[in-house]
Amino acid sequence: MRKVGEGVRSLIDPGNTLPHLPPPQEVLESAASARTSIDAGGGPGPHLVPSDRVLKLWRTAQAVCFDIDCTVAKNDQLDLLADFMGVGEQVAAITNSAMDGSMSLEEALEQRLAVINCTPADIQGFLKAHPAESRLTPGAKELIQQLQRRGVAVYLISGGFRELCLPIVRALGVPPKNLFANRMNWQVDDDTGMPTKLVGFDLREPTGHQGGKPLAIARLRELFPYETVVMVGDGITDLEAVQETGGADMFVGFGGVVAREVVMQAADWFVTDFDVLQESLPRHRVAMIGSGAWACAAVKLIAENTANPDNVDKYVPEVRMYTYEEEVEGRWLTELINERHENIKYMPGCFLGANVVACSDLVETVKDATVLVFCAPHQFIHRMVKTLAGHVSKDAVAISLIKGMRVRPDGPQLISELIRKELGLDCSVLMGANIAADIARGELSEATIAYSVLDHALLLQDLFERPSFIITLVPDVVGAEMCGTLKNIVALAAGFVEGLGYGPNTKAAIMRQGLNEMRRFAKALYPTVRRAAAASSDDTFFESCGVADLIATCYGGRNRLVAREFVAAELAGAATTFAELEAKLLNGQKLQGVLTSDEVQAILFRRGWEKDYPLFTTVNRIVNGQLPGSSIVEYKSAALLPMHSSADQSADDLRSLAISGGSNGGKLVAAA
Ligand SMILES: NC(=O)c1ccc[n+]([C@@H]2O[C@H](COP(=O)([O-])OP(=O)(O)OC[C@H]3O[C@@H](n4cnc5c(N)ncnc54)[C@H](O)[C@@H]3O)[C@@H](O)[C@H]2O)c1
Ligand SMILES: O=P(O)(O)OC[C@H](O)CO
């Protein structure tokens, strides 16, 4: 067989190939990743179901190399060319001898080419008769495109010929330079310089020899430091990719065109359909923990994104939603939600998405979830998180939409801290001017995602953002969460002002003082909170989670509404309690402001700060019946009045509730 030299050349542009690297032995010896047999799990093959280790390798592969013949292409290209040339049977006999091992790869290639004995014009005719798209195995293109979209490098390593394979490579969307394959050699006409006669193939290509595929992979690894390389193919030469030092880390046997017994038995994973591989690529599964008003509006945003066909690579469309089970109109709420795709009690009229599945079992809700969204009233969250401990993936990304905090004997605990501590997960928060019903109607809103891990924030932004729901990222979890928590106290003050019949000037004065106390208190508790001396882009309080949420809540929130009715009842001589009003006005929804006022006041009291936060202190005294609602406009003097501190009472209440979990007369209660 002649080599490329004088009078002999290739039809293919040499610029379209990876550079020639050091000779085989040198590369193989220098390659670091010696492969011993990987633990496929479950003993000898066939491994039709991947072990955890195999699945992990597949999901983390940085490069995937595919064989072409009978793998991404549904024929052996040379056999197909032989059929086209009318010598199919003779060539098939030689191919089978090579498969049996009774002939070397080089010998078989030489003999097959000699029998085919085609001209360049024959090849042109063949390519016309067999367009590349018609030669692709179903699912191959989709899998390869999905891998590429995820940043995985895709290579094609074929023992066939570039002349026949290049159109396939292009049809798959793989750059031609990522193809390893043999080249035909052509005798050229001395006069015209045109190729005329096939004279064998270029023996310098690794793929023309036994062990060529691991060698090609070793060369790749010399060029690019891939940590994990997977080989996918149907044949023994593909299997060799994991049997040589420096080759692939894992071998997926493909039996969708031809299922070869040896390959089936030895493969780390054996599949007959590319869809299996595609479906096994990691996609995020989201669990919503909560199903109240905000949880429903938020799950709608999420479900629209996960169901979007453009996101099929990124998300499992289904979103499970933990639903605290109760009877509504004589039916279980979960049943109703799953039937109507609407939570008729907490967010009537809002289509959640057919891909939202209500689930009354908290542990079942988070099964296999990679993103956990916490959105339940803060008084219930500690118990819920305790139930989840040991049942969530340690790699899951968590985000809390909860506005509230816990106070324990050893100090305050934000909900993101609780989640981090009990579940060992990084927890971002989403806070903002987000009245749930307005968002459910698709009205333009903004929100802040505060994060400590930027990658998590980017993932979460992608998950929540919609054309009418705009998200800004801020690296201050504690600051944003303190904003969302504390504004509920100010909203009570705003409600008192409304109930007393005052206009916007008074409300604005109360809100300004409230913002001032929010900023000081947050910074006093957590010195890392971003708070600039003047309005500035690095002040968390000027983001949506800060002043914007304060405005929205003080004008349109539930805390404001119930506080207004509380004072109105008082003025009408029919004083009532927050618990009664919550039950009467909110149809099961939960107020956060009254509990938060007690929680914050316990901290102020313990630290001797009550007089430094006169608005917070006055609100707490009104909430606890120690002062009339009208004292809100005299908060500076009202906070100085000597009295049995409301915080004494609050702290006692919190302690006794922590023990009994019981009710506290007319006041709202905190659960342990
Ligand atoms: N509603 C809003 O507009 C809004 C907006 C932004 C943030 N938030 C915050 O979101 C969080 C969740 O509020 P929401 O509006 O989704 O709820 P919600 O107040 O509308 O509903 C109360 C929820 O608590 C559930 N529940 C009742 N008893 C329970 C128990 N023992 N254990 C567990 N769950 C129980 C109910 O089933 C219901 O789903 C709160 O921290 C709130 O401050 C609310
Ligand atoms: O209705 P509220 O008072 O619980 O407030 C709702 C949201 O927090 C507003 O962003």
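Which helices each supply at least two residues of the shell around ligand 2? In this predicted model, the helices that do so are H21 (477-499), H23 (544-556) and H24 (558-571). Of these, H23 hands over the largest share, three residues. The shell has 13 residues overall, and the closest to ligand 2 are Asn434, Thr553, Gly557, Arg558 and Asn559.

Now for the domains. The assignment splits the chain into domain 1 (17-75 + 135-187 + 199-279), domain 2 (284-475) and domain 3 (483-660). Taken over C-alpha atoms, the centres of domain 1 and domain 2 sit 41 Å apart. Ligand 2 picks up at least three shell residues from each of domain 2 and domain 3.

Ligand 1 has 24 residues around it, with Gly292, Ala293, Trp294, Tyr324 and Ala436 coming nearest. Helix H14 (293-307) and helix H17 (378-388) are the elements that give two or more residues to that shell, and H14 gives the most, with three. Since domain 2 and domain 3 both chip in residues, ligand 1 lies between them.

Here's how the two shells break down by residue class:

| Shell | Nonpolar | Polar | Charged |
|---|---|---|---|
| Ligand 1 | 13 residues | nine residues | two residues |
| Ligand 2 | four residues | six residues | three residues |

Technical notes: Residues are numbered from 1 along each chain as its sequence is written. Chains are lettered from A and ligands numbered from 1 in the order in which they are written. This is a predicted model: local features need pLDDT of at least 70, side-chain atom pairs count only at pLDDT 80 or more; totals for chains, interfaces and linings use all residues. Domain bounds come from an automatic or database domain assignment. A residue is near a molecule or strand if its C-beta atom, placed from the backbone, lies within 6 Å of it. Helices (H or I, at least four residues) and strands (E, at least two) are DSSP runs, numbered from the N terminus. Ala, Val, Leu, Ile, Met, Phe, Trp, Tyr, Cys and Pro count as nonpolar, Asp, Glu, Lys and Arg as charged, and the others, Gly among them, as polar.
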